[in-house]
Amino acid sequence: MKIDRRTFALGSAAAMGTLWTPSVWSQVAQAASPSRFHFAVVSDTHIIDEFYKKGTENGVEDNQSILLTTERLVSARSLINSLKPKIEQVFLPGDCFHNYPSAEYDFYFKNRTRIDIAKELFDGFEMPVHLGFGNHDYDVPRVSREMSHQLFAEKLKAKPYSCVDYKGFRFIHLNNFMGATWDKNSGEFNKGLGSLGEEQLNWAEALLQERKPTVVFIHFPLWIVNATEVKDYGLHPMLRKYSDSIQMVIAGHWHKWLDFAHTYGPQHIVTAATRYDANAYMLFEADSQKQTLRWMNKDLVEWSTHYSKPYVAKG
Ligand SMILES: [Fe+2]
């Protein structure tokens, strides 16, 4: 093998474990071009505010981590902002903030709440941040889905589900809370399961039919999303059908790193959460001309845990 500066840096980083610094990034990440760019994923930020009641989570780890969510997101954001070549886009597949301190819409316009704090934190990224919805961004049935959508539109400038095209890549934020399983009036109501609803499935299929290199985000891991919703029509067969152009399906929710490999057709990864670990972010290099996606910090992940090895060397 020919050893150049790039392969040397990669080999050193892998051998040394923690020797993975922004300066190494500048050696392993290729320069941006009209078809090549870098993006990051952060998930399950679970931002809180002064109205949050301490000690209301399940267990010590959850009760401690919820108090550190802002600090950990700021740490991840500093690292992401510092990288050169620059990270050009950030995607966040849900649980932007943590639950609703009030079921009254007006409350969110009379007080500075976790939604406003989340917006301020996301605005501190030096690149666009694209949001998806998580279960904690809803409070069905206490708060209607419509009210959550309205708050997101007003305050976070985000739609219930959305698509971003960038430099030849397509990024699709799916919303697994739009279907019957999250409709309190449906016989299928069961918040432990995700579903998209026929309208969103049709929207997603129209986007996938163009077969651009695509990354799909969805809050619930596919394991707990209804495979089919209308007869044999549903997300699982759809992902399989377009697995030639879907480069990866990324979920959050479980807050731990899990690799479902090709169980659902395209590569499916569950990302850990910045709530539990400031190092739990994903960094990618995408090249639409070569139709490739490199997950740059994959080797730092500690699978089946909340944690990743720190990106910044300790000395
Ligand atoms: Fe979460």
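**Exercise 1. Determine whether Val230 is buried or exposed, and locate this residue in the chain.**

Solution. Val230 has 10 C-beta neighbours inside 10 Å. A residue counts as exposed if 12 or fewer other C-beta atoms lie within that distance. Val230 is therefore exposed in this predicted model. As to its location, Val230 belongs to the loop between strand 6 (214-218) and helix 9 (235-241). A distance completes the picture: Val230 and Arg145 are 85 residues apart in sequence, and their C-alpha atoms are 22 Å apart in space.

**Exercise 2. State which non-glycine residues, Asp95 and Lys167 among them, should be described by a positive phi, and classify the exposure of these two.**

Solution. Begin with Asp95. Its phi is positive, about 55°, although Asp95 is not a glycine. Asp95 sits in the loop between strand 2 and helix 5 (107-110). Because 26 other C-beta atoms lie within 10 Å, Asp95 is buried.

Continue with Lys167. Its phi is also positive, at about 45°, and Lys167 is not a glycine either. The loop that holds Lys167 runs between strand 4 (162-166) and strand 5 (169-173). With 17 other C-beta atoms within 10 Å, Lys167 is partly exposed; the cut-offs are 20 or more for buried and 12 or fewer for exposed.

**Exercise 3. Describe the open sheet of five strands: its order, its edges and the pairing of strand 1 with strand 2.**

Solution. First, the order of the strands is 3-2-1-10-11, and the pairing is mixed. Second, strand 3 (129-131) and strand 11 (292-295) are the edge strands, each pairing on one side only. Third, neighbouring strands of the sheet are turned against each other by 25° on average, with direction ignored. Strands of a sheet pair through backbone hydrogen bonds, in either the parallel or the antiparallel sense. For strand 1 (residues 36-42) and strand 2 (residues 89-92), the sense is parallel, over three bridges. Within this pair, Ala40 has Val90 in strand 2 as its bridge partner. Finally, helix 4 (residues 69-82) lies across strand 1, strand 2 and strand 10 (281-287), and runs at about 170° to strand 1.

**Exercise 4. Name the residues with the most contacts inside the largest nonpolar core, and list the contacts of Val249.**

Solution. The largest nonpolar core has 73 residues. Those with the most contacts inside this core are Ala40, Val90, Val249 and Tyr281. Ala40 and Val90 are the bridge partners already met in Exercise 3. For Val249, neighbours within four places in sequence are set aside; the contacts are then Val216, Ile218, Leu222, Leu239, Tyr264, Pro266 and His268.

**Exercise 5. Locate the cis peptide bonds at Pro85 and Pro141.**

Solution. Lys84 and Pro85 are joined by a cis peptide bond with omega of about 5°. Pro85 lies in the loop between helix 4 and strand 2. The bond from Val140 to Pro141 is likewise cis, with omega near 5°. Pro141 is placed in the loop between strand 3 and helix 7 (145-156).

**Exercise 6. Assess the confidence of the prediction along the chain.**

Solution. The mean pLDDT of the chain is 93, and 92% of its residues reach 70 or more. Among the elements, strand 6 has the highest mean pLDDT (99) and helix 1 (residues 5-16) the lowest (49). Over residues 1-11 the pLDDT is below 50, and this stretch has nine contacts in the model beyond near neighbours in sequence. Where pLDDT is low, the predicted coordinates should not be read in detail.

Definitions and conventions: Residues are numbered from 1 along each chain as its sequence is written. This is a predicted model: local features need pLDDT of at least 70, side-chain atom pairs count only at pLDDT 80 or more; totals for chains, interfaces and linings use all residues. A nonpolar core is a set of buried Ala, Val, Leu, Ile, Met, Phe, Trp, Tyr and Cys residues joined through C-beta atoms within 7 Å. Two residues are in contact if their C-beta atoms, placed from the backbone, lie within 7 Å. Two strands pair if DSSP finds at least two bridges between them. Helices (H or I, at least four residues) and strands (E, at least two) are DSSP runs, numbered from the N terminus. Axes are lines fitted to C-alpha atoms, for helices over the stretch in contact, and angles run from 0 to 180 degrees between N-to-C directions. pLDDT is the predictor's confidence in each residue, from 0 to 100.
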